Amino acid sequence: MALMCRQIIGSGASCAGWAGLMVATATSDWVRTCDYSLAACLRMDELVSKGLWAECIISPALYHCGAREQILTLPAYVQTSRALMVCACLLGLPAMLLVLMSMPCIRLQNDSSAIRQRRSRVGGVLFLSLCGVISTVWFPVGAHKDGGLMSFGFSLYAGWVGTALCLLGGIMILFCHFLSPGSPMRENSFYFSRQASRAGPLEPPGNHAKSARMRHLLLKRTLSSHTCLVSAAPAQKSHVHGFKKST
């Protein structure tokens with residue numbers, strides 16, 4: 001039960017992190033740049049919000065965004081962050097499906113415990129991919145080197161939270177199976193009785209005890225009937241021999 005609860009928590013955290021990475025990839029409020037103070041930039045309409053796909057100019061009465069379509073002229077950190085975030089979003093879908101199909105409450109045809117553990121491990125490794133970590137760290141560092149970095153935006157915070165949840169969920173999923181105890185053997189199992197405080201070896205189920213008792217009774221009856229037949233045979237022979245003498 002505890003193993004299943006840990007696996008459910010890890011799967012939920014990983015799915016929430018994957019959703020956070022998709023939000024960070026789709027929005028454009030990663031960093032905000034300005035060459036002056038915040039008040040001066042707002043008055044001069046020079047507060048710029050940069051993202052993976054667009055740049056937006058923020059002012060009290062204007063919020064204008066322009067797409068970053070010039071791929072060849074974009075900095076290397078923007079292009080690399082784009083590719084890594086797209087890879088992280090694409091890897092999250094098969095990872096989520098593998099983790100969900102490895103849940104104990106879901107049974108597939110010709111499914112076994114080893115196959116479910118293998119699916120869960122692969123899904124956990126996919127959630128542990130470092131694509132989101134590299135892009136959410138490299139992008140603000142590159143923006144700071146370009147100059148004028150003023151603050152982080154909502155998209156970058158969403159990417160950080162999503163990456164942390166993916167890492168946490170993937171680690172929990174992997175540790176649930178690497179540290180899960182194997183199925184105990186019957187001869188090494190023990191039970192605790194309510195009537196006695198000591199533990200004793202595990203007894204076989206009641207139906208096995210009843211079947212063994214019935215076999216013992218049948219064998220006893222067969223042996224007793226065979227003994228009766230053997231003891232009755234000499235008496236019958238002596239009776240026949242006396243009858244012949246009288247005749």
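Is C131 buried or exposed? C131 is buried, with a relative accessible area of 15%. The close-up views below come from a predicted model.

**View 1. One disulfide links C56 and C65.** The structure holds one disulfide. A disulfide is a covalent bond between the sulfur atoms of two cysteines. Here the two sulfurs, in C56 and C65, lie 1.9 Å apart. The angle about the S-S bond is 105 degrees, and the link of C56 and C65 is right-handed. The two partners can be described by their cover. C56 is buried, at 2% relative accessibility. C65 is partly exposed, with a relative accessible area of 37%.

**View 2. C131 is in no disulfide.** The nearest cysteine sulfur belongs to C87 and is 5.3 Å away from C131. A disulfide needs the two sulfur atoms within 2.5 Å. C131 itself is buried, at 15% relative accessible area.

**View 3. The sulfur of C166 is too far from another cysteine sulfur for a bond.** Which cysteine has the sulfur closest to that of C166? It is C15, and the distance is 8.7 Å. C166 counts as buried, because its relative accessibility is 6% and the cut-off for buried is under 20%.

**View 4. R32 and D29 form a salt bridge.** Side chains of opposite charge can pair when their charged atoms come close. In the pair of R32 and D29, the closest N and O atoms are 3.1 Å apart. R32 is partly exposed, at 29% relative accessibility. D29 is buried, at 12%. The count for the structure comes to two salt bridges.

**View 5. E55 and R68 form a salt bridge.** Their closest N and O atoms are 3.3 Å apart. E55 sits in strand β3, residues 54-59, while R68 sits in the loop between β4 (62-67) and α3 (76-101), so the pair ties together parts that are 13 residues apart in sequence. E55 counts as partly exposed, at 30% relative accessibility. R68 counts as buried, at 11%.

**View 6. Nonpolar side chains make a surface patch of about 720 Å².** The patch is made by L130, I134, V137, W138, V141, F152, Y157 and W160. Two elements, α5 (131-146) and α6 (154-178), give two or more residues to the patch. Which element gives the largest share? Helix α5 does, with four residues. I134 lies in helix α5. I134 is partly exposed, with 42% relative accessibility.

Notes: Residues are numbered from 1 along each chain as its sequence is written. This is a predicted model: local features need pLDDT of at least 70, side-chain atom pairs count only at pLDDT 80 or more; totals for chains, interfaces and linings use all residues. Side-chain values use heavy atoms; hydrogens and water are left out. Patches are made of residues with over 30% relative accessible area and no salt bridge: like charges are joined within 9 Å, nonpolar side chains (Val, Leu, Ile, Met, Phe, Trp, Tyr) within 5 Å. Accessible areas come from the Shrake-Rupley method with a 1.4 Å probe; for residues, only the protein chains shown count as cover. A salt bridge is a side-chain nitrogen of Lys or Arg within 4 Å of a carboxyl oxygen of Asp or Glu. Buried means under 20% relative accessible area, exposed over 50%, partly exposed in between (1.4 Å probe, protein chains only).
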